[in-house]
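Visitor: I am new to this structure and would like a close look at one part of it. Please take the salt bridges, and go on from there to the contact between the chains.

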Amino acid sequence: MKHAHQNQCLDRTERNCSEDTAKKLSTIFLKYRKDKDDLLSILQDIQDEFGYLSEEAIHLLSKEIRISENEIYGVATFYAIFRFEKPAEHRITVCMGTACYVNGADKILDEAEQKLGIKTGQTTEDGKISIGHVFCNGCCGHAPVVVVDNEVSGGWTPTKLDKTIDKLKEGSP
Amino acid sequence: MNEAAWSGAKETWKALKDSERPVIYLGVASCGRAAGALAVKGAIQSQLKSRSIDARIVDVGCIGPCFMEPLVYIQLPGGPPVVYANVTVAEASRLVDEVIDGGAHITERAIGVLADAPMWGLPRFFDHPMLAPQVRLVLRNCGLIDPTSIEHYLAMDGYLGLKNALAKTPEQVIEEVAASGLRGRGGAGFSTGMKWKLCRDAPGDVKYLICNADEGNPGTFVNRTLLEGDPHAVLEGMVIAAYAIGASLGFIYIRHEYPLVREYIHKATLDMRRIGLLGDNIMDSGFDFDIQIRTGALAFVCGEETALMASVMGHRGMPKPRPPFPATSGLWGKPTNINNTETMGTVPLVLRMGGASYAKYGIKGSSGTKTFSLGGKVRNTGCIEVPMGTPLRNIVFDIGGGVAKGKSFKAVQTGGPSGGCVPSSLIDTGVDYEKLTNLGAIMGSGGLIVMDEDTCMVDMARYFLSFTQDESCGKCVPCRIGTKRMLEILERITQGEGDVDDILRLEGLCETINKGSLCGLGQTAPNPILTTLRYFRNEYDAHIIEKRCPARTCKALMRFEILAEKCTGCDDCRGICAPGAISGEPGIPHAIDQSKCTKCGVCQDVCPPKNSAVARMDNVDREADQ
Ligand SMILES: Cc1cc2nc3c(=O)[nH]c(=O)nc-3n(C[C@H](O)[C@H](O)[C@H](O)COP(=O)(O)O)c2cc1C
Ligand code: FES
């Protein structure tokens, strides 16, 4: 499930994709000195641009700043924010921070898992919807909070999430 | 940057207040947005446009009461802003039509005026029960000024503290801060003046400054409120701190989940550079300093100072043993001073009013005010500020309005996963560093989560341990393995599989992990367990001995039942039950098939309140029934 969809850029026959990637990457590299100290910031920029860190991007970065790929993975895997696979089309992120948990966030997460038949951290077979959780979005006054794609909103119930998932499945968010 | 900057800013502010055009202030901080503020803003804009009304819209941060969001204040020419709370998209056009176009406030819909005295039969907004007991020093501008406008900040006497500081020697600045009694607001409560002095006195030409805006404690949003409401206050504090310790470069490390903070801080630093408040020769004093922004990447441990510094330098955010302390060897081995966002935000005030005047707020040993974020099962959620020493009772019951939905109060949790739960019997304790530490809770960075009768305290301990276990960086063994063992025991207990020795095992582990861990994450990880054991031992015993969860929240120990005498057979629950566990015909009481029920509780959510036919029961009753 999580590994079900392969990132197309890895397919070495798709050179067009690589060229495009290289161009976008060099724009990012220009913003920085070629310095190890910038590694985290560069990785963040790459993920902002592409939505994840592809093997290809890490390979090019390694050549650019002369740090081994291993070392780059060492830093990237430490931080929970980094993804190494193409993200799902829609991402449901349930807040499991204290204020949300006390207000029943676990029930909302359960609902998402049951309804989609996947666990938190996984993506549906068709690559359409993924479920994740975070520990607090800083909007605790509106608990329980859910982030759908990039939009943070409050006052969720399992029933409301159920309907939202139906809409996402239909493709009209 | 000269006197004219302040007088010009004051004129701009006055022109806004005396505007001939109606002015609409919109609370668009992240919390407002989560409540739908941007949709309300869009609706207001389009209605203004369709009616060709010339009005001005000013974005402001959050004034504090998140539960009132979206908040809109409307200022008609010649009058003060009138506050409308919980504005919906549907109401937005009505406000435009009746208030802005019609020229008269809907007083029965408004909740207060932002004025010195009541008006039109409306109370002062700041007399609202949630706001009246507060003392707003740090948050004074939040929700009142446009956070993206440096002029608004200057009009509120912003950067006067910096001006005062630059007229003093760095040593005098440090003395002033020491005299204020200010202690770090990031958790440990170390004296800010002393910390600065250590860094100032450390040998070295190059020194660094860090503002910790990582705010990683779940359920805490005080730093966000300040940074989104009044970003310049924090930045001014950073420049003052840098001058005091002799730093030439500073970093603000912003939590990843706070993109709006990043945007505001970026804009603010550009404005500062433009008018000479950052860069070379700040305010013509000969002092040079600049600030860079760093973004966190979802690692709680990076709030810890040594881990944060590793992260600023682009590495894995692993903590390091101290000493050496950052004050002598921090970023790139140079003396580094690190302070919390609220600490920084307080500094300009100290330099403006003088340390001695600031020390008059609060109590001896814990001076000044502290911001808290109120959340959980409390009625009035939001960000508040009170003098140190204010009893928790006043915070929860007066400011917070007590427990929501008529339930009874059980505990208030302070300090997040490093803190503890304060039971109702100790609710008269005042908030100060030492008193809270004595209770086994801690001041922490300001998260206050209220828990009611439906919260299981054993499950809360399990919840916090699942957090710390997840966030442990794995460097030291006591934290990595210890948190896992404690979590396993707590999971067992909440599943009804605990045995009497588990308490002893927990206590032993708590001690080992507290003593043996490398950084504060592990050292404080036992606190949620220790305080719940201390104040809610009966709940542990109930789980272990009676196999019963008194709050009826631990799934393995409870079940849902439909009460036949209350169920009207409205059929709302049957269709929504995902596993299809509910049977029954419309008009006839329904029933739950326990073998199919996953205990998601959706049936209870949808059961009409007038029926309240779904009840949570102990599982032991059921076994006894059979
Ligand atoms: C695991 C852990 C997480 C922390 N998270 C934060 C945080 O999010 N914000 C913060 O200001 N301090 C945090 N701290 C405390 C910092 O290490 C440091 O003491 C603080 O930033 C110093 O600032 P102050 O003296 O102004 O309080 C954390 C400490 C630990 C051990
Ligand atoms: S706990 Fe969910 S937003 Fe803070």
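**Salt bridges and the contact between chains**

Guide: Lys14(B) is exposed, its relative accessible area being 52%. That value, like every other one here, comes from a predicted model. The partner of Lys14(B) is Asp18(B), and the closest N and O atoms of this salt bridge are 2.9 Å apart. Asp18(B) has a relative accessibility of 45% and therefore counts as partly exposed, since that class lies between 20% and 50%. Side chains of opposite charge can pair when their charged atoms come close. Over all chains the count is 49 salt bridges, and a few more of them are worth a look.

Asp459(B) and Arg462(B) form another one, with N and O at 2.9 Å. Both residues belong to helix 17 of chain B, which spans residues 457–471, and they sit 3 residues apart, or about one turn of the helix. Here both partners fall on the buried side of the 20% cut-off: Asp459(B) has a relative accessible area of 13%, and Arg462(B) one of 16%.

Helix 22 of chain B holds a further pair. Arg537(B) and Asp541(B) are joined by a salt bridge whose closest N and O atoms lie 3.4 Å apart. Their places in the sequence help to explain why they can meet: they are 4 residues apart in helix 22 (residues 537–546), which means a separation of about one helical turn. Arg537(B) is partly exposed at 37%, and Asp541(B) is also partly exposed, at 27%. Elsewhere in chain B, Arg492(B), Asp499(B), Asp502(B) and Arg505(B) are linked into one network by salt bridges that share partners.

Now to the contact between the chains. Chain A puts 39 residues into it and chain B 59. About 3,800 Å² is buried between the two, with carbon and sulfur atoms giving 58% of that area. On the side of chain A, Phe78(A), Thr98(A) and Phe135(A) account for 18% of what the chain buries against chain B, more than any other three residues.

Between chain A and chain B there is 1 salt bridge. It joins Lys555(B) to Asp110(A), at 2.6 Å from N to O. Polar contacts between the chains come to 26 residue pairs. The side of chain A that touches chain B takes two or more residues from each of several elements, among them helix 2 (39–50), helix 4 (69–78), helix 6 (105–116) and helix 7 (158–170). By type, the residues on that side are 18 nonpolar, 15 polar and 6 charged.

One residue of chain B shows the contact in detail. Arg255(B) sits in the loop that runs from strand 7 (249–254) to helix 11 (259–274). With a relative accessible area of 3%, Arg255(B) is buried. Its side chain reaches the backbone oxygen of Cys136(A) at 2.9 Å. Leaving aside sequence neighbours within four places, Arg255(B) touches residues of chain A including Phe135(A), Asn137(A) and Gly138(A), and residues of chain B including Asp214(B), Glu215(B) and Arg262(B). Phe135(A) was named above among the three residues that supply 18% of the area chain A buries against chain B.

For the setting of all this, chain A has 7 helices and 4 strands. Of its 173 residues, 54% count as buried. Some loops in the two chains have backbone features to note. Ala143(A) and Pro144(A) are joined by a cis peptide bond with omega about -5°, and Pro144(A) lies in the loop between strand 2 (129–134) and strand 3 (146–148) of chain A. In chain B, the bond from Glu69(B) to Pro70(B) is cis as well, with omega near -5°; Pro70(B) is in the loop between strand 2 (56–60) and strand 3 (72–75) of that chain. Arg66(A), not a glycine, has a positive phi of about 55°. It is exposed at 76%.

As for confidence, chain B has a mean pLDDT of 96, and 99% of its residues reach 70 or more. The model has an ipTM of 0.95 and a pTM of 0.95.

How values were computed
Residues numbered from 1 in each chain as written. Chains lettered and ligands numbered in written order. Predicted model: local features only at pLDDT ≥ 70, side-chain atom pairs only at ≥ 80, totals over all residues. Heavy atoms only, no water. Contact = heavy atoms within 4.5 Å. Buried area = accessible area lost by both parts, 1.4 Å probe. Salt bridge = Lys/Arg side-chain N within 4 Å of Asp/Glu carboxyl O. Polar contact = N/O pair within 3.5 Å; in protein donor to acceptor, adjacent residues only side chain to side chain. Nonpolar A, V, L, I, M, F, W, Y, C, P; charged D, E, K, R; others polar. Buried < 20%, exposed > 50% of the residue type's maximum accessible area, 1.4 Å probe, protein only. pLDDT = per-residue confidence, 0-100.
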